[in-house]
Amino acid sequence: MITTFTGTVWKYGDNIDTDVIFPGKYTYQKMEPEEMAKHALEDLDPDFVNKVNDGDILVAGKNFGMGSSREQAAVAVKYAGIRVIIAKSFSRIYFRNAINAGMPAIKSPEAVDAIENGDKVTIDMKKGKIITPKGTFPFPPYPQTVMDILNNDGLINYIKAKIENG
Amino acid sequence: MPKTFVEKLMSRKANRNVSAGTIVSIEPDYVMSHDNAAAISNTFKKIGVNKVKYPGRIVIILDHEVPAPKESSAINHKEIRKFVEEQGIDNFYDINQGICHQVFIEEGFAMPGKVIVGSDSHTTTYGALGAFSAGIGRSEVAAIWATGELWFQVPETMKIIINGTIPKHITPKDIILYIIGQIRSDGADYKAVEFTGETIGYMDIGERMVLTNMAAEMGAKNGYIPPDHITFDFIRGRAKDEFEPLYSDEGANFYRVLEFNISGISPSVAKPHTVDNYAPIEDVAGTKIDQALIGTCTNGRLADLEAAAKILKGRKVKARTIIIPASLTIYKQALQKGWVETFIDAGAMVLNPGCGPCLGAHQGVMAPGEVTFSTANRNFKGRMGCREAEIYLGSPLSVAASAVTGEITHPGRFL
């Protein structure tokens, strides 16, 4: 059950597209999530995968994840260690892919402006709060369907549970 | 209360009265996937059901890495063929048929008033036929294979009205790059887009597909063009199923209404590394190019090849030129019209129908420092396999003209 996360922030800019998050040349190579993780943000910050730690938080500007529908762009980021992404806005398919991978994607332009690279930030999913060194920012809680998917660690486990429970 | 097209369609599918903002669980009429069906079938198996729920609603078209450039792609294809066989999926198109979006439409799966989803962001294309069509993720396709349904938030609609007569040397690609330059790449995030206006009435289905294909590049969930006699003529004898068109009501609530007059625009170019980095071609004319690409799900249709042939006829290319018909049908038509010979005589390479180098997997990957001028829909850094390369986007006329001179050139020079 997802409740509260605290992590160190990696902050990037606007319009980060799926080709720099997970290059197209890898999309049709069959990879396990751990292998995908080695290429996370490869064409944006090649050193990212060496710097990131488990439980860290990715912060970005507007339109994060624009472009392709490739789900690996969400899965790679998650398995690289990122627990949650905060952005000024998300592309719609990336948003869905993140949720479906069990990784919360939170839209808060105010929080993004307040957060600096390397900050320690806490996110309270239940109360809908982002706690930063420069203040606390609310965000609207997810609809129940979305919370159920996150609480099952992604769409596939959610569907599995639904089928098992009849 | 008056409703938009998408509100009416979602209401019909959900069997209740819904409007923008509501979350609905509905059963799509068709779910499309391509080479990523291999990964999807693995995810599907993890769900723990043995059989797909509605085999007749599944369409799989191999196009991204065709023919297989390496062993791993060949294994992908092999797994898909096995899965298709086991599951009794009849709507399977192997590696020789063409680009998924083109084949899907040629085969008559895209119909007015249908809900179609696909594990490809340019699934938006089918809205050219009056369908609601949206790109989704791989897990979501696996979920639909298993359960037949998926959750959606009913989107608000942005209406884009395009007026004006289409100037000489201007194609739908120029129009949509110009519009994306104004709206920006996130201008329609999460929104449904409805294209209307007198200019649409001058466009055939292939030309309309350029608009709905590129709707993805403004962030849209779907792009819809209200069906008219051109639509009905196109799908007559082709439609896979009965269909019932839907239209936005008079007085429906639109999130934004934007109007563009395209009578005076120049050929458009998207500069590296975003699709909304618009410039009229005059501003970038003279930029040296190493490679020209004419094809892809945006501009690999007959009219696009005709445009290229018009310019390349009797001339020689200076840039490496790759031409890829979007489907086998188009390839054959181009061959019969003599255009393939025109391309070969000009020194261009004509490749088999498929996505080609657009996503950087094969068939024209770039080297550091190189520049490609392409008719594709994306120019992101690394898109064509190299993060130190640059991609400009433009119309088939502009790219063909530039292939001849080896630098970005206004097509008017040769017409």
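Biologist: Where does B:His273 lie in this chain?

Modeller: In this predicted model, B:His273 sits in the loop that runs between β12 (268-270) and β13 (278-280) of chain B.

Biologist: What makes the peptide bond from B:Pro272 to B:His273 notable, and what is its omega?

Modeller: The bond from B:Pro272 to B:His273 is cis, and its omega is near -5°. Most peptide bonds are trans. A further cis bond joins B:Val66 and B:Pro67, with omega about -20°. B:Pro67 belongs to the loop between β3 and α3 of chain B.

Biologist: What makes phi of A:Asn63 worth a remark?

Modeller: Phi of A:Asn63 is near 60°, which is positive in a residue other than glycine. Most residues other than glycine have a negative phi. A:Asn63 is placed in the loop between β2 (57-60) and α4 (72-79) of chain A.

Biologist: Is A:Asn63 buried or exposed, and how do you know?

Modeller: The cut-off for a buried residue is 20 or more other C-beta atoms within 10 Å. A:Asn63 has 25 such atoms, and therefore it is buried.

Biologist: Which loop holds B:His169, and what is its phi?

Modeller: B:His169 is in the loop between β8 (157-163) and α6 of chain B. Its phi is near 75°, again a positive value in a residue other than glycine. With 21 other C-beta atoms within 10 Å, B:His169 meets the cut-off of 20 or more and therefore counts as buried.

Biologist: Why is α2(B) said to be largely enclosed by the rest of the structure?

Modeller: Helix α2 of chain B covers residues 37-47. Eight of its eleven residues are buried, so the helix is largely enclosed. The buried residues are B:Ala37, B:Ala38, B:Ala39, B:Ile40, B:Ser41, B:Thr43, B:Phe44 and B:Ile47.

Biologist: What covers these buried residues of α2(B)?

Modeller: The cover includes α8 of chain A, together with β2, β3, α3 (71-87) and α5 (138-147) of chain B. After α2(B) comes B:Gly48, which has a positive phi near 95°.

Biologist: What kind of unit do β2(B), α2(B) and β3(B) make, and what is its handedness?

Modeller: They make a β-α-β unit, and it is right-handed. Seen with the strands pointing away from the viewer, a right-handed path from the first strand over the helix to the second runs clockwise.

Biologist: How do you know that β2(B) and β3(B) pair?

Modeller: Pairing requires at least two bridges between two strands. β2(B) and β3(B), residues 58-61, share three bridges in the parallel sense, and therefore they qualify. Within this pairing, B:Met32 stands opposite B:Val59. β2(B) also pairs with β5 (residues 115-118) of chain B, again parallel and over three bridges, with B:Ile116 as the bridge partner of B:Tyr30.

Biologist: What makes both faces of β2(B) count as covered?

Modeller: On one side of the strand B:Tyr30 and B:Met32 are buried, and on the other side B:Val31 and B:Ser33 are buried.

Biologist: Why is the pairing of β1 (residues 4-11) and β5 (residues 120-124) of chain A accepted, and in which sense does it run?

Modeller: At least two bridges are needed. These strands have five, in the antiparallel sense, and therefore they pair. A:Thr8 stands opposite A:Lys120 in β5(A). Both strands belong to an open sheet of seven strands, in the order β4-β3-β2-β1-β5-β6-β7 (chain A), with mixed pairing.

Biologist: Which strands of this sheet are called edge strands, and why?

Modeller: β4 (105-107) and β7 (135-138) of chain A each pair on one side only, and are the edge strands. Neighbouring strands of the sheet are turned by 30° against each other on average, direction ignored.

Biologist: How many residues does each chain give to the contact between chains A and B?

Modeller: Chain A gives 34 residues and chain B gives 46. On the side of chain A, α1 (18-21), α5 (92-100) and α8 (155-164) each give two or more residues. By class, that side has ten nonpolar, 14 polar and ten charged residues.

Notes. Residues are numbered from 1 along each chain as its sequence is written. Chains are lettered from A and ligands numbered from 1 in the order in which they are written. This is a predicted model: local features need pLDDT of at least 70, side-chain atom pairs count only at pLDDT 80 or more; totals for chains, interfaces and linings use all residues. Two residues are in contact if their C-beta atoms, placed from the backbone, lie within 7 Å. Helices (H or I, at least four residues) and strands (E, at least two) are DSSP runs, numbered from the N terminus. Ala, Val, Leu, Ile, Met, Phe, Trp, Tyr, Cys and Pro count as nonpolar, Asp, Glu, Lys and Arg as charged, and the others, Gly among them, as polar. A residue is buried if 20 or more other C-beta atoms lie within 10 Å of its own, exposed if 12 or fewer, and partly exposed in between; C-beta atoms are placed from the backbone. Axes are lines fitted to C-alpha atoms, for helices over the stretch in contact, and angles run from 0 to 180 degrees between N-to-C directions.
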